[in-house]
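Morning, everyone. Let me put the structure up, and then we'll go through some helix packing and a pocket.

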Amino acid sequence: MTNKELDELKAQFPPLPKERPLAYKIYNYLKTNARGYKNRVKADVLMSEFGITDNKTLRGYIQEIRESEILQKIICSEAGSNGGYWVAANQKEVSKTLDHLYKRAIEMLKNYSILRNKARLNGQKRIKLTKYQKDCIESILGDDE
């Protein structure tokens with residue numbers, strides 16, 4: 001993408017909070033080349049296309065795009081050898097990505113709960129939860145604390 005094309009793309013969208021132009025390029029690339037699961041693009045292809053050297057950085061850009069109130073297309077993803085990134089083409093694809101993110105969030109909360117409980121064992125530091133944290137954990141895990 002040339003600088004002129006980038007300027008034209010920026011003119012279409014107000015700046016993202018972090019004002020990282022590469023996020024616009026990735027977003028536009030996915031909108032153009034990865035519409036629907038069948039057209040998903042592997043992470044290594046995106047990294048090569050945009051000169052990104054590690055997955056963590058790419059995931060940061062994807063997160064930035066997903067969290068943007070300006071960039072409205074839903075970027076879906078799937079991990080694994082058959083995975084990749086794409087722009088949702090239908091509600092089924094959106095639901096699949098939401099389910100995937102929900103399961104990951106629940107796993108993180110389970111890990112949090114396990115570590116919190118381990119911290120109480122054998123005289124280790126007891127973690128004092130806020131009321132909000134207690135309510136969240138109880139509603140999700142049924143914790144009686």
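H5 crosses H6 in a left-handed sense. Keep in mind that this is a predicted model. H5 covers residues 91-119 and H6 covers residues 131-141. Their axes are 11 Å apart, at an angle of about 115 degrees.

Which residues of H5 and H6 make the contact? From H5, we have Ile106, Leu109, Lys110, Tyr112, Ser113 and Arg116. From H6, Gln133, Ile137, Ile140 and Leu141. Sort them by class, and you get six nonpolar, two polar and two charged residues.

Now over to H2, residues 21-33. I'll take two partners in turn.

Start with H3, residues 43-50. The axes of H2 and H3 come within 11 Å. They cross at roughly 130 degrees, so H2 and H3 are oblique to each other. The hand of this crossing is right-handed. On the H2 side, the contact uses Leu22, Lys25, Ile26, Tyr29 and Leu30. On the H3 side, look for Val45, Leu46, Glu49 and Phe50. That contact of H2 with H3 comes out as seven nonpolar and two charged residues, with no polar ones.

Second partner: H4, residues 55-67. H2 and H4 have their axes 10 Å apart. The angle is about 80 degrees. The range for roughly perpendicular is 65 to 115 degrees, so H2 and H4 are roughly perpendicular to each other. H2 brings Leu22, Ala23, Ile26, Tyr27 and Leu30 to this contact. H4 answers with Leu58, Tyr61, Ile62, Glu64 and Ile65. How does the contact of H2 with H4 split by class? Nine residues are nonpolar, none is polar and one is charged.

Note what H2 reuses. Leu22, Ile26 and Leu30 of H2 are in the contact with H3, and Leu22, Ile26 and Leu30 of H2 are also in the contact with H4.

Last item: the largest pocket. Its volume is about 480 Å³. The lining has 19 residues, and the closest to the pocket centre are Arg59, Arg66, Ser77, Tyr85 and Arg104. Where does the lining of the largest pocket come from? H4, H5, strand E1 (75-78) and strand E2 (84-87) each supply at least two residues. By class, the lining of the largest pocket has seven nonpolar, seven polar and five charged residues.

So H4 turns up twice: it packs on H2, and it supplies residues to the lining of the largest pocket. H5 does double duty too, with H6 and with that lining.

How values were computed
Residues are numbered from 1 along each chain as its sequence is written. This is a predicted model: local features need pLDDT of at least 70, side-chain atom pairs count only at pLDDT 80 or more; totals for chains, interfaces and linings use all residues. Side-chain values use heavy atoms; hydrogens and water are left out. Axes are lines fitted to C-alpha atoms, for helices over the stretch in contact, and angles run from 0 to 180 degrees between N-to-C directions. Helices (H or I, at least four residues) and strands (E, at least two) are DSSP runs, numbered from the N terminus. Angles under 35 degrees count as roughly parallel, over 145 as roughly antiparallel, 65 to 115 as roughly perpendicular and the rest as oblique. A crossing is left-handed if the near helix is turned anticlockwise from the far one by less than a right angle, and right-handed if clockwise. Contact means heavy atoms within 4.5 Å. Ala, Val, Leu, Ile, Met, Phe, Trp, Tyr, Cys and Pro count as nonpolar, Asp, Glu, Lys and Arg as charged, and the others, Gly among them, as polar. On a 1 Å grid over the protein atoms alone, a cavity is a set of points where a 1.4 Å probe fits but cannot get out, and a pocket is an open set with protein on both sides within 12 Å along at least five of seven lines; lining residues have an atom within 4 Å of a point. Grid points are joined across faces, edges and corners, and a volume is the space filled by probe spheres set on the points.
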